[in-house]
Amino acid sequence: MLIRFAVSCKAKSYGEVVQIAMGRTARVLFEICIIVNNAGVLIVYLIIMGDVMSGSVRHIGVLDQWLGHGFWDHRKLFVLVVMFVFLALLCVLDRIDSLSMTSAASVALAIVFVVVCFAVAFIKLIEGKIEAPRMSPDLGSKMEILDLLVVIPIMSNAYVCHFNVQPIYNELEGRSPQKMNQVGRITTALCVVVYA
């Protein structure tokens with residue numbers, strides 16, 4: 001619907017779509033919300049990278065496991081290097097199309113992660129070291145119902161990413177709403193398979 005509306009009113013960005021639909025004040029408000037959301041997501045990703053690579057109070061980080069304890073596994077230094085070496089370089093790129101290789105690499109790494117986790121779990125299951133996983137929640141337990149609440153932020157974050165549709169559509173070769181629907185279906189199917 002977003003792409004169909006953007007095409008019909010000849011809007012080139014999400015901000016233009018919002019302005020045409022709801023006015024200039026709404027556009028400014030939505031763009032501020034997008035900036036706050038993106039900053040929050042970036043902070044969360046940096047925290048996750050810091051935890052995984054440098055470790056935390058509860059576990060050893062990947063850098064510690066690979067290289068031993070040293071200056072390289074200090075959390076603040078790692079996050080600083082990631083921000084300036086990787087993220088700053090990605091922010092300099094003018095077009096989303098330039099990120100196609102990094103996107104493909106991230107999808108490939110997600111698939112490798114899923115395959116490795118599946119293989120490890122399958123081997124442990126055969127050896128009898130873990131129980132078979134439950135495929136549905138136990139709704140009889142109050143704790144299980146509260147654990148389901150953890151899903152709400154993940155699901156709501158998925159719906160917040162819709163403002164990325166317009167720049168992706170703008171750089172699509174031979175773009176049309178039908179082709180964008182196909183892109184949406186393929187990416188959604190891929191995400192469902194990886195998450196399942």
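Author: Buried means under 20% relative accessible area and exposed means over 50%, with partly exposed in between (1.4 Å probe, protein chains only). The model is predicted: local features need pLDDT of at least 70, side-chain atom pairs count only at pLDDT 80 or more, and totals for chains, interfaces and linings use all residues. Residues are numbered from 1 along each chain as its sequence is written, and side-chain values use heavy atoms, without hydrogens or water.

Reader: What is the mean pLDDT of the protein chain?

Author: pLDDT is the predictor's confidence in each residue, from 0 to 100. In this chain, 98% of residues reach 70 or more, and the mean is 83.

Reader: In which helix is confidence lowest?

Author: Helices (H or I, at least four residues) and strands (E, at least two) are DSSP runs, numbered from the N terminus. Helix 2 has the highest confidence, at 91. The lowest mean, 71, belongs to residues 151-160, which form helix 8.

Reader: How many salt bridges does the structure hold?

Author: A salt bridge is a side-chain nitrogen of Lys or Arg within 4 Å of a carboxyl oxygen of Asp or Glu. One of them joins Glu127 to Lys129, with the closest N and O atoms 3.4 Å apart. The total for the structure is three.

Reader: Is Lys129 buried or exposed?

Author: Its partner Glu127 is partly exposed, because its relative accessible area is 48%. Lys129 has a relative accessible area of 58%, so Lys129 is exposed.

Reader: With which residue does Glu31 form a salt bridge?

Author: Glu31 is partly exposed, at 34% relative accessible area. Its partner sits four residues away in helix 3 (residues 24-54), so about one helical turn separates the two. The closest N and O atoms are 3.1 Å apart, and the partner is Arg27.

Reader: Is Arg27 buried or exposed?

Author: Arg27 takes part in the salt bridge with Glu31. Its relative accessibility is 18%, so Arg27 counts as buried.

Reader: What is the N to O distance between Asp51 and Arg75?

Author: Asp51 is partly exposed, with a relative accessible area of 26%. Arg75 is also partly exposed, with 31%. Their side chains meet in a salt bridge, N to O, at 2.7 Å.

Reader: How many residues apart in sequence are the parts that Asp51 and Arg75 tie together?

Author: The Asp51 and Arg75 side chains form a salt bridge. Asp51 lies in helix 3 and Arg75 in helix 5, so the pair ties together parts whose separation in sequence, in residues, is 24.

Reader: Is Ser54 buried or exposed?

Author: Ser54 is found in helix 3. Contact means heavy atoms within 4.5 Å. Leaving aside neighbours within four places in sequence, Ser54 is in contact with Met49, Gly61, Asp73, His74, Arg75 and Phe78. At 11% relative accessibility, Ser54 counts as buried.

Reader: What is the relative accessibility of Gln166?

Author: Gln166 is found in helix 9 (residues 165-170). Not counting residues up to four places away in sequence, Gln166 touches Ile3, Ala6, Ala11, Lys12, Ser13, Tyr14 and Val17. Gln166 counts as buried, with a relative accessibility of 1%.

Reader: What is the phi of Lys10 near?

Author: Lys10 sits in the loop between helix 1 (2-8) and helix 2 (14-22). At 66% relative accessibility, Lys10 counts as exposed. Its phi is positive in a residue other than glycine, and is near 55°.

Reader: What accessible area does the nonpolar patch with Leu89 have together?

Author: Patches are made of residues with over 30% relative accessible area and no salt bridge; like charges are joined within 9 Å, nonpolar side chains (Val, Leu, Ile, Met, Phe, Trp, Tyr) within 5 Å. Leu89 lies in helix 5 (residues 75-92) and counts as exposed at 56% relative accessibility. Phe71, Leu77, Leu80, Val81, Met83, Phe84, Val85 and Phe86 are its partners in the surface patch, and together with Leu89 they have about 870 Å².

Reader: How far apart are the end C-alpha atoms of residues 105-125?

Author: An unreviewed UniProt entry annotates residues 28-48, 77-93, 105-125 and 145-165 as "transmembrane region". Residues 77-93 are 94% helix and 0% strand, with end C-alpha atoms 24 Å apart. Residues 105-125 are 100% helix and 0% strand, and their end C-alpha atoms are separated by 30 Å.

Reader: What distance separates the C-alpha atoms of Val194 and Gln178?

Author: Val194 lies in helix 10 (residues 177-195). Leaving aside neighbours within four places in sequence, Val194 is in contact with Ala110, Ile111 and Val114. Val194 and Gln178 are 16 residues apart along the chain, and their C-alpha atoms are separated by 24 Å.

Terms used
Accessible areas come from the Shrake-Rupley method with a 1.4 Å probe; for residues, only the protein chains shown count as cover. UniProt positions are given in the numbering used here, feature names are shortened, and annotations may be inferred rather than shown by experiment.
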